[in-house]
Amino acid sequence: MFKKILIANRGEIALRVIRTCKEMDIQTVAVYSTADKESLPVKFADEAVCIGPPISTDSYLNIAHIMAAAEITNADAIHPGYGFLSENAGFSEICNDHGIKFIGPTAAMIQSMGDKITAKDTMKKAGVPVIPGSDGLINSVKEGKKIAKKIGYPVILKATAGGGGRGMRVVWQEEEFESNWDSARQEAGAAFGNDGIYIEKFIEEPRHIEIQVAGDQYGKACHLSERDCSIQRRHQKLVEEAPSPFVDEDLRNRMGEAAILAAQAISYESVGTVEFLVDKHKNFYFMEMNTRIQVEHPVTEEVIDHDLIKEQIKIAAGVPISGKSYFPKGHSIECRINAEDPFNGFRPCPGKIERLHTSKGHGVRVDTHLYAGYTIPPYYDSLIAKIIVKSATRDEAIAKMRRALDEFIIEGRGIKTTIPFHQKLMRDERFREGNFTTDFINDFEL
Ligand code: MV4
């Protein structure tokens with residue numbers, strides 16, 4: 001097992017990793033920007049090293065600074081968390097080249113899922129259902145129109161270097177094809193330096209359901225059931241739950257087996273997530289694979305009763321997995337609490353926290369790096385806490401979440417959070433019936 005892990009991240013996930021390391025008797029190194037000097041990861045880690053100024057590119061994304069911190073502290077592994085360098089193939093490679101284990105997949109595994117056309121082609125060959133569309137890149141408007149006609153409108157144009165919704169355009173009829181083609185190419189080129197576009201049939205009113213997977217260094221893989229992440233706003237998830245109210249045992253088994261095929265197709269090592277779009281007929285299609293631990297991992301932890309960070313560390317250390325899959329017991333919901341004003345277009349609202357009381361009680365877990373007196377810096381993601389509840393049934397989990405949201409108190413000059421949004425959502429009839437798709441938030445009025 002590792003002796004010392006450096007956590008190349010900040011905020012709640014850095015704290016989350018430190019907690020598991022302590023339980024595993026592994027020493028920890030926090031790295032921090034000058035904006036995070038007074039943060040809990042710095043306080044709770046065994047050692048802490050400043051890696052630069054607030055702007056991420058000069059600190060949390062600065063590979064040279066992070067490697068230097070790992071070398072001077074003699075860390076034998078690096079945990080990247082989510083975001084920042086977690087899906088940076090070059091970073092994974094540099095760590096391993098320096099004899100420091102990257103707690104995550106290899107560069108080749110990250111790369112194979114980073115290019116969406118390559119990923120889709122690999123999945124198709126492995127027998128994982130993919131959305132009907134072009135075989136690879138489209139080279140001209142003429143070729144694109146021909147393929148769109150063949151698969152039938154509406155179609156969606158996607159950037160091969162994209163993901164998370166950037167560079168996407170829905171085309172409803174041929175007359176709109178060319179203008180959407182031009183803008184998709186332009187946006188993709190500007191955002192990713194790669195204007196490669198492919199076409200898919202547009203799936204209307206889908207659900208976003210993802211399967212947590214784990215693969216070890218010996219070719220074994222298993223699934224850990226699904227999470228429903230359909231409640232999103234502008235490709236930012238707001239609420240996640242496990243199990244999905246839309247998934248029955250048969251669908252879970254079929255999606256689970258497909259996700260295992262996906263992981264095995266790239267000899268996946270670590271924990272990861274296979275994202276699917278699920279249509280109203282319960283057809284499911286591979287969308288993307290996330291080669292990292294995700295923000296919403298706690299809902300899976302709650303329903304399978306396992307620490308996913310611990311599993312991830314063990315896999316990186318070469319411990320084999322049993323290969324058996326995990327099925328949910330009970331129901332878990334996570335609400336992402338962001339320092340944003342939901343009444344003002346979810347505008348970020350950082351600032352100093354004067355008073356804080358986090359939700360407590362049976363079946364309530366709050367993953368957060370906040371404390372009274374802490375100042376939320378303006379430089380990073382606005383996620384400040386995750387309220388996670390666990391109950392026997394979905395109805396009880398919703399009731400518990402309502403209660404937990406009502407007793408979360410956060411006060412400070414200018415600080416606003418997404419709590420009022422969640423309070424309204426937990427009382428919404430359609431949400432309570434489990435009757436929602438990725439379009440839900442578009443017509444949800446706060
Ligand atoms: C789609 C789709 C409908 N049909 N592809 C959005 C993010 C990126 N991962 C893929 N996305 C979508 N791809 C086809 N063929 C609809 C979306 C989509 C979406 C997917 C999941 C969760 C929220 C979404 C919101 C808008 C669009």
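**Exercise 1.** State which elements the buried residues of H8 pack against, and on which side of the helix these residues lie.

*Solution.* The buried residues of H8 pack against helix H7 (141–151) and strands E6 (155–159), E7 (169–171) and E8 (197–201). Helices (H or I, at least four residues) and strands (E, at least two) are DSSP runs, numbered from the N terminus. This is a predicted model: local features need pLDDT of at least 70, side-chain atom pairs count only at pLDDT 80 or more, and totals for chains, interfaces and linings use all residues. Residues are numbered from 1 along each chain as its sequence is written, and side-chain values use heavy atoms, with hydrogens and water left out.

Next, list the residues: Phe 177, Asn 180, Trp 181, Ala 184 and Ala 188 are buried in H8. Buried means under 20% relative accessible area, exposed over 50%, partly exposed in between (1.4 Å probe, protein chains only). They cover an arc of only 105° around the axis, so they are on the same side of H8; the arc is that of the directions from the helix axis to the C-beta atoms. Gln 186 and Ala 190, on the other side of H8, are exposed.

**Exercise 2.** Classify Ser 270 as buried or exposed, and list its contacts.

*Solution.* Ser 270 lies in strand E12 (residues 270–278). Its relative accessibility is 2%, so Ser 270 counts as buried. Contact means heavy atoms within 4.5 Å. Neighbours within four places in sequence aside, Ser 270 is in contact with Gly 104, Pro 105, Val 213, Ala 214, Gly 215, Gln 312 and Ile 315.
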